[in-house]
Every structure is written in C-alpha cells, then in structure tokens.
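Q: I am new to this structure and would like a close look at a single part. Please take me through the charged pairs.

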Amino acid sequence: EKEGMERYETFKTKLRKAFSPYRLGLPPSLDQVRADMGTDQLILDQALNSTMRDLRNHFLPSQLLKDFYADEGAPVSRNPSALFLAYGSISNPDDETGELPANGYVRGGLGALAEVLTDAAVEAGAIIHTGKAVEKVLVEGNNAIGLRLEDQTEIRSRIVVSNLDPKTTFLKILPKDSVHAEIKQRIAALKTNVSCYKFLAAVSELPQWEAWQGDPTEPSEGGVRLNVSEAEISASYDALEAGRPTEKPVISVSVPSIVDPTLAPAGHHTVSCYVYPAPGNLKASNWENERERVADLIIDQINSHAPNFKNSIIHQHLRVPSDLVESNSLTDGCIWHIQHDADQLFRNRPLPEFADYRAHLKNLYLCGSGQHPGGEVSGLPGHNAAQEILKDLNG
C-alpha cells in the first residue's frame, strides 16, 4: 500500500510541477506543456485519458486508500478528468526560489484583505464606489467605454476590467447586442452547477474528536474531513443531479482562531466548515426552506465525531448557494466562477478566444477566477490580467 501511495503522490507532484511555471502568465497549450515535460510526457497523457477514479484504481491497491483520496476533485464533479490535478500547481513552491505561496488564513479574517487592498487603491488615487451594483458596461461601437451603476450613475473609463464570473459578464452586464449569439450560447454552456455550503460557528470550546488519541488541540490546528469515501461522494452527486440537498456532503472542518486568536475571545473559538457538493439550484424546494434542516444535518454529522460540538455552539450561520448568488454575484453559487474540470482549464478558461484575459470588445478585460489559473482567492488571475493590460497600455 505504501508503494502505491508513493507512486500516486509522485504522479501528482510531476503533473503539478509541469504546469507550475505557467501560473504567472498566459495559459499554456497542452502541446507546449508536453514539449517541456521531456521523458515525463506519459504523465500528461495519462492525466488526459483518465478520470480521477481511473487514477485511484491504477495506483492505489485498497479501498481504504481510494476512500482516503476520494475527495480530490469532489468539489468539481462526481469523477472529473485527472487533469484536474494540474490545477493544484497554483500551490506549488516557486520554481526559482523554492518558496511556498502565502496560503492560509488572513489575520483578522478574509475581510481584512479587502480592507488592505482598498486602502492601497485609495492611496494610489482610486475612487471606489460601494453599495451600488453595476447595471451595464457602456459600449460604443466595438469599444468598452465605462459603466452604468444601478442608480444610473455613469463612469467613463479608458479600460473596463471585470472580476465577475463569465456568465454574469457576458450574459448580464454587457448590452445584448454587443455579444454574438454563438458566444452567448457557449458561455451559457459553461459548467457552474456545483456549489457548496459555508458553515460558520462561534463555539465555547474546541471540538473533541473521538478517534483522536493525542493532544486535543492538534486536529484543530489543521483540518478534519468527514464523509469522504467514494460511496458517500457518489451518493452526494446522485442527490445533486436530482436537484436535492446532499444528505452526507463532504465536511472539511477547520478552526481559524487556533491560528489567529484575534478572531475569538480567550477560551472561545471560531469554526469554519467548507461543505460540498451542493446543487446550485433545487428542483422541488428552495434554499430558504432547506437552510435550517441542512444546518442541523451538518451539526449532527460533526457531533457524531466530536460529541461536544453541538452544545458548544454559541452562534451559527450557514451560507447556502443562494446566498453566494445574492451576496457574491456568483452564478449558481459556483465559487470558482466556472468549475475546474479539464475542459475549463488553461487555454480553455473560460473560452479559448478569451484565455488571454481580453474580451471581444476593445478595452474590456477579464480578471476573475473564471480565467487561468482559476482558484478561489489566489490573486493569480488578477495579476496575469494586469500584466496584459499594462502591455496594451504601453503599446
């Protein structure tokens, strides 16, 4: 079993390493990556011709190991292409310095990052409009010339940069006659239907995990995953495809206050759970009707492994897919803007003709997670878009 794990980990490491040089810059073609891989080209071919389950069956000799790795790709689809693993290159060490990216918690919570970025932009002379949605991109001829806000304020600008997901950009805020019907059709077909929940709780004590024999704080210093077997993930996707909430979703439990004590009073903690998959849209109900039941389901499943959890909760909040739609303008509540499946990565993200961060209109650029290399809060698509904008501005 150890040999199988080692071969699987080596496969993943080599695949991610092949794509990591392309994180900062335009996405590569697969031919380009293949040429650079030399004798490891067969790894790319295997990734292109295998699903995640195929790969586990090939490398891992026991069902126990297959279940241990079963949640790799599970946020994306039931059984995505193994090329999905190449997306993990965004977390690789720097190719020159060996330094790891600054992954982890933001001190003070993620909102603190937005505040820092806001302060830097204002200091540089930016004027920021908040609390007003963008109604339309202003277009003259084949040029984006600014924005109209929902209060009808018009802002003229030399360039327009959209951090929204591709469906919102192309199908909602661009004038209908400025997008060709064929582009609309292809954008509408992009996969966004898999969403997630975010369960947050303030608790009076750390979860006491039953199966843990060591220091009780240690599991909370990392993360605990529940419901991660292949059978459980398949059952979750059966429910998702039927338009129902999943009964036993994957629950990834972390305790940010262990790392950042400023998040909670002394002796108390914050618990953050990333829970997936969830259908972007329900067929026979709505998320308001399901919210309380789903929250109870998540709490009970955590409590079955950490029996003090339920009684330790002081306050709780569940964000369901409809919250992600309303609060974050995410189509179907898809947190990656479009899913990280193989046909929506690299030169295909979001469509081949827009993979260079430029839309079809002059002066309109795309910088969100729907661009290469994807991600949640990596900053990489924004960095890459900025480089292309500067190239154009500097002629």
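Which residue forms a salt bridge with Asp 238, and how far apart are the closest N and O atoms?

A: The partner is Arg 78, and the closest N and O atoms are 2.8 Å apart. Keep in mind that this is a predicted model. Asp 238 sits in helix H10. Arg 78 sits in the loop between helix H5 (63-68) and helix H6 (110-123). The pair therefore links distant parts of the chain, 160 residues apart.

How open are these two side chains? Asp 238 has a relative accessible area of 43%, so it counts as partly exposed. Arg 78 is also partly exposed, because its relative accessibility is 27%. Both values fall between the 20% limit for buried and the 50% limit for exposed.

Stay with helix H10, which covers residues 230-241. Glu 230 lies in this helix as well. Glu 230 forms a salt bridge with Arg 56, with 2.9 Å between the closest N and O atoms. Arg 56 belongs to helix H4 (residues 52-59), so this pair ties together parts that are 174 residues apart in sequence. Here both partners, Glu 230 and Arg 56, are buried.

Side chains of opposite charge can pair when their charged atoms come close. In this model the count comes to 29 salt bridges.

Now move to the strands. Glu 140 forms a salt bridge with Arg 156, and the closest N and O atoms are 3.9 Å apart. That value is within the 4 Å cut-off, so the pair counts. Glu 140 is in strand E1 (residues 134-140). Arg 156 is in strand E3 (residues 154-156). The two residues are 16 residues apart, and the pair is again a link between distant parts of the chain. Glu 140 is partly exposed, with a relative accessible area of 48%. Arg 156 reaches 55%, so it counts as exposed.

This pair has company. Glu 140 and Arg 156 are linked with Glu 135, Arg 148 and Glu 154 in a network of salt bridges.

To recap, helix H10 holds Glu 230, which pairs with Arg 56 of helix H4. Helix H10 also holds Asp 238, which pairs with Arg 78. Glu 230 and Arg 56 are buried, whereas Asp 238 and Arg 78 are partly exposed. Strands E1 and E3 are joined by the pair of Glu 140 and Arg 156.

Definitions and conventions. Residues are numbered from 1 along each chain as its sequence is written. This is a predicted model: local features need pLDDT of at least 70, side-chain atom pairs count only at pLDDT 80 or more; totals for chains, interfaces and linings use all residues. Side-chain values use heavy atoms; hydrogens and water are left out. A salt bridge is a side-chain nitrogen of Lys or Arg within 4 Å of a carboxyl oxygen of Asp or Glu. Helices (H or I, at least four residues) and strands (E, at least two) are DSSP runs, numbered from the N terminus. Buried means under 20% relative accessible area, exposed over 50%, partly exposed in between (1.4 Å probe, protein chains only).
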